[in-house]
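Me: Please take a close look at one part of this model, the place where two helices pack against each other. I would also like to know what lies around it.

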Amino acid sequence: MVNHLATCGLVVSHAAKASALVDEFIALCDWPLLTQPTIRTVVEQIELHRPSCLLFWLEALAELKPTSTLISQLRVRGQRPFRIAVVHELPAEIEHTLRAAGVHTYLTTSGNILALVEGALRPFIPAVPKSHIRIAPAAGVPVPIRGPTEARGSAARMRPP
């Protein structure tokens with residue numbers, strides 16, 4: 001019986017709509033996206049998805065203040081889930097603000113999302129399980145079915161102790 005389904009991460013963005021880069025990241029990682037979050041909605045999503053990390057996506061300076069406020073509120077809850085900030089083409093000075101708020105890892109990207117995922121986020125993204133891989137059955141190929149067999153006996157004799 002499974003009590004909780006866990007995802008590897010949850011993407012949090014203060015933008016009203018996901019950008020093309022966020023969509024590309026989600027396609028690579030298959031993490032849920034939460035836009036325009038409040039502390040209440042983030043905590044609800046943490047309880048629902050049980051992510052191992054929260055990835056805060058920033059593409060505009062206007063998103064810095066609400067994101068840092070949210071991160072500092074989550075820091076009060078404890079060390080988990082792991083908090084990662086990914087910044088796209090913003091000044092380097094905002095790293096200090098995000099680290100002071102309580103982000104564990106600060107990453108920058110210039111648009112190469114595949115390099116970001118492969119290089120820095122690979123520990124948080126496990127390999128795709130075989131249950132998620134869909135293989136189309138070959139048409140017209142019969143599936144071999146084995147007939148009943150006889151139980152085979154053991155060559156060793158059993159003796160009581």
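**The α3–α4 contact and the sheet**

Reply: In this predicted model, helix α3 (residues 64–77) and helix α4 (residues 94–101) have axes that come within 8 Å and cross at roughly 25°. Angles under 35 degrees count as roughly parallel, and α3 and α4 are therefore roughly parallel to each other.

On the α3 side, the contact is made by Leu-64, Thr-67, Ser-68, Ile-71, Ser-72 and Arg-75. These meet Ile-94, Thr-97, Leu-98, Ala-100 and Ala-101 of α4. Sorted by class, the contact of α3 with α4 has six nonpolar residues, four polar ones and one charged residue.

Next, the sheet. Five strands make up an open sheet, in the order β2-β1-β3-β4-β5, with parallel pairing. Its edges are β2 (33–35) and β5 (105–109), each of which pairs on one side only. From one strand to the next the twist averages 25°.

At the β2 end, β2 pairs with strand β1 (residues 9–13) in the parallel sense, over three bridges. In this pairing Val-12 stands opposite Leu-34 of β2. Helix α1 (residues 20–29) packs on the sheet and touches β1, β2, β3 (53–58) and β4 (82–88). The direction of α1 makes about 155° with that of β3.

Helix α4 packs on the sheet as well, touching β3, β4 and β5. The direction of α4 makes about 150° with that of the edge strand β5. Helix α4 thus touches these three strands and also meets residues of α3, including Ile-71 and Arg-75.

Conventions. Residues are numbered from 1 along each chain as its sequence is written. This is a predicted model: local features need pLDDT of at least 70, side-chain atom pairs count only at pLDDT 80 or more; totals for chains, interfaces and linings use all residues. Side-chain values use heavy atoms; hydrogens and water are left out. Axes are lines fitted to C-alpha atoms, for helices over the stretch in contact, and angles run from 0 to 180 degrees between N-to-C directions. Helices (H or I, at least four residues) and strands (E, at least two) are DSSP runs, numbered from the N terminus. Angles under 35 degrees count as roughly parallel, over 145 as roughly antiparallel, 65 to 115 as roughly perpendicular and the rest as oblique. Contact means heavy atoms within 4.5 Å. Ala, Val, Leu, Ile, Met, Phe, Trp, Tyr, Cys and Pro count as nonpolar, Asp, Glu, Lys and Arg as charged, and the others, Gly among them, as polar. Two strands pair if DSSP finds at least two bridges between them.
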